[in-house]
Amino acid sequence: ELADIGVFGLAVMGANLARNAARKGFGVAVFNRNGARTDELISEHGSEGRFTPSKDIAAFVASIKRPRPIIIMVKAGQPVDDVIEELIPYLEEGDIIIDGGNSLFTDTNRRFHYLTGKKLRFIGMGVSGGEEGALEGPSMMPGGTLEAYQRIEPIVTKMAAQVDGEPCCVYIGTEGSGHYVKMVHNGIEYADMQLIAEAYDLFKTVYGLSAPEIADIFADWKTGDLDSYLIEITAAVLRKTDSTGKPLVDSIVDEAEQKGTGRWTAQSALDLGVPLTSITEAVFARALSGRRAHRIEAEKLLPHPEFPKRKPTAADIEAVKDALYASKIVAYAQGFEQMTAAAKEFGWELKLGEVSTIWRGGCIIRAAFLNRIREAYESGVAAPNLILQDYFRDAIVKAEPSWRKVVSLAIEAGVPVPAFTSSLAYYDGLRRARGPANLLQGLRDYFGAHTYARLDKPGKFHTRWSQDGSEVQTS
Ligand code: NBP
């Protein structure tokens with residue numbers, strides 16, 4: 001019997017997706033460049049379902065029902081192009097290549113059009129949830145043509161995580177839109193994690209709490225507005241001791257690595273002109289963390305403000321929670337604004353209510369909070385910014401006084417909280433009808449004759465700054 005789907009690439013993600021599909025009752029053809037991985041999958045997990053392993057690509061492709069859906073789960077970048085080229089000679093019209101890796105959306109756009117030109121179909125599918133998600137049910141963000149998606153829908157909606165009886169998988173849109181949405185998901189994940197790290201730093205550095213004490217606080221937060229997977233695993237990471245009995249986290253090197261999706265999100269925001277400050281600060285914070293040698297040297301050379309440590313009161317802890325929550329609202333509002341801008345720029349019809357629906361389960365940023373975002377989009381009154389939707393507006397207004405206090409405290413104590421701070425600066429910039437950019441326009445007109453608009457009359461104007469100082473209307 002032919003397999004329902006093929007999986008090419010059996011490292012951790014591919015192997016787990018293949019097992020997921022097999023466990024759900026689908027016949028799964030599997031292939032990996034290095035056949036040892038295929039053997040390992042079959043010997044360790046072959047009993048979990050109907051696998052058809054192959055050692056050559058021709059046999060692999062031939063073992064799948066037509067039109068063939070083939071998920072490729074290999075390292076992002078050139079390997080994806082290599083695998084596509086290797087598959088093409090064996091594919092027939094209408095077959096579907098599904099790239100489930102973290103590909104850059106512009107690569108997905110290119111591959112989509114390239115394969116469409118060859119009468120093949122291509123789906124760029126963001127998959128979130130890490131190893132465990134891939135196996136137990138990830139959040140899936142497929143982009144391509146709707147009819148190609150409809151071919152794989154019965155399979156992928158069963159593989160995905162389910163929340164309240166709904167699969168965390170929905171058709172996102174054409175071209176690379178699925179990978180774009182996954183990219184922004186990862187960007188938000190960067191911001192979420194940075195905010196958590198900043199709260200941890202405050203508790204540790206300003207209040208002198210130990211890792212297990214901070215674990216208790218995060219465990220407590222799990223039951224409120226902040227209820228999320230990342231808050232839950234923060235408590236677990238902080239509580240873990242190593243073989244010496246000391247908190248593991250205290251021995252982990254403070255240099256964050258990154259694979260690029262946060263950077264891509266920030267780069268796209270710059271291209272689109274979206275003020276994506278929280279995610280971008282999170283990317284820069286990782287970059288600064290990577291300069292460990294410089295930081296060690298700088299700590300010796302630069303003075304640190306004197307700030308006596310004191311145990312936090314319940315109100316102090318609540319204030320940090322408020323700051324985290326308000327900053328998180330900003331990060332999500334910015335991420336959703338970016339997706340709106342991208343949809344407009346690239347001509348995609350992104351349904352952001354559905355995006356928030358499929359992020360409620362399976363993925364790394366899964367959180368109770370996403371139900372609220374979904375409600376905001378489904379209410380029909382889509383505010384230009386999530387912060388202005390009733391629920392979030394009330395929440396952020398309530399948190400605001402503590403948010404300011406926490407940021408001030410951090411600044412006084414010399415503890416960097418770039419994501420808290422920049423989120424607050426964004427908020428303060430957003431809630432002002434009149435900012436200081438009038439002066440920027442004046443300066444630009446002075447040195448570059450770039451012109452300015454006036455509040456009191458229509459048109460564009462230029463002042464002859466270095467001549468007679470008179471104003472001329474230019475349009
Ligand atoms: P890796 O990203 O580590 O890639 C390893 C796989 O790529 C192996 O199967 C390897 O085959 C194959 N491969 C490479 Br490398 N070059 C190839 C080539 N030229 N031709 C054929 N196969 C090639 O695997 P992963 O961690 O399972 O991730 C897969 C994708 O999923 C990535 O895009 C990743 O960013 C994304 N992702 C990962 C996670 C996660 O938590 N790890 C989460 C979400 C998304 P070999 O065995 O023959 O070397």
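**Exercise 1. Work out how the strands of the open sheet β10-β11-β12 are arranged.**

Start with the order. This is a predicted model, and its open sheet of 3 strands runs β10-β11-β12 with antiparallel pairing. Next, look for the edges: β10 (452-453) and β12 (471-473) each pair on one side only. Now zoom in on one pairing. Strand β11, residues 460-463, is joined to β12 by 3 bridges in the antiparallel sense. To pin down one of the residue partners, take Phe461: across in β12, its bridge partner is Gln473.

**Exercise 2. Decide how helices α11 and α12 sit relative to each other.**

First, get the geometry. The axes of α11 (residues 261-272) and α12 (residues 277-289) come within 9 Å and cross at roughly 135 degrees. Angles over 145 degrees would count as roughly antiparallel, and 65 to 115 as roughly perpendicular. The two helices are therefore oblique to each other. As for handedness, the crossing of α11 and α12 is left-handed.

Then see who touches whom. From α11 come Gly262, Arg263, Thr265, Ala266 and Ala269, while α12 brings Ile279, Thr280, Ala282 and Val283. Sorted by class, that contact has 5 nonpolar, 3 polar and 1 charged residues.

**Exercise 3. Describe the shell around the ligand.**

Begin with a head count: 23 residues surround the ligand, and the closest are Met13, Arg33, Asn34, Pro79 and Gly101. Now ask which elements give two or more residues to this shell. They are α1 (12-23), α4 (78-87), β6 (121-128) and α6 (130-136). Finish with the chemistry: the shell around the ligand splits into 10 nonpolar, 8 polar and 5 charged residues.

Note on methods: Residues are numbered from 1 along each chain as its sequence is written. This is a predicted model: local features need pLDDT of at least 70, side-chain atom pairs count only at pLDDT 80 or more; totals for chains, interfaces and linings use all residues. A residue is near a molecule or strand if its C-beta atom, placed from the backbone, lies within 6 Å of it. Helices (H or I, at least four residues) and strands (E, at least two) are DSSP runs, numbered from the N terminus. Ala, Val, Leu, Ile, Met, Phe, Trp, Tyr, Cys and Pro count as nonpolar, Asp, Glu, Lys and Arg as charged, and the others, Gly among them, as polar. Axes are lines fitted to C-alpha atoms, for helices over the stretch in contact, and angles run from 0 to 180 degrees between N-to-C directions. Angles under 35 degrees count as roughly parallel, over 145 as roughly antiparallel, 65 to 115 as roughly perpendicular and the rest as oblique. A crossing is left-handed if the near helix is turned anticlockwise from the far one by less than a right angle, and right-handed if clockwise. Two residues are in contact if their C-beta atoms, placed from the backbone, lie within 7 Å. Two strands pair if DSSP finds at least two bridges between them.
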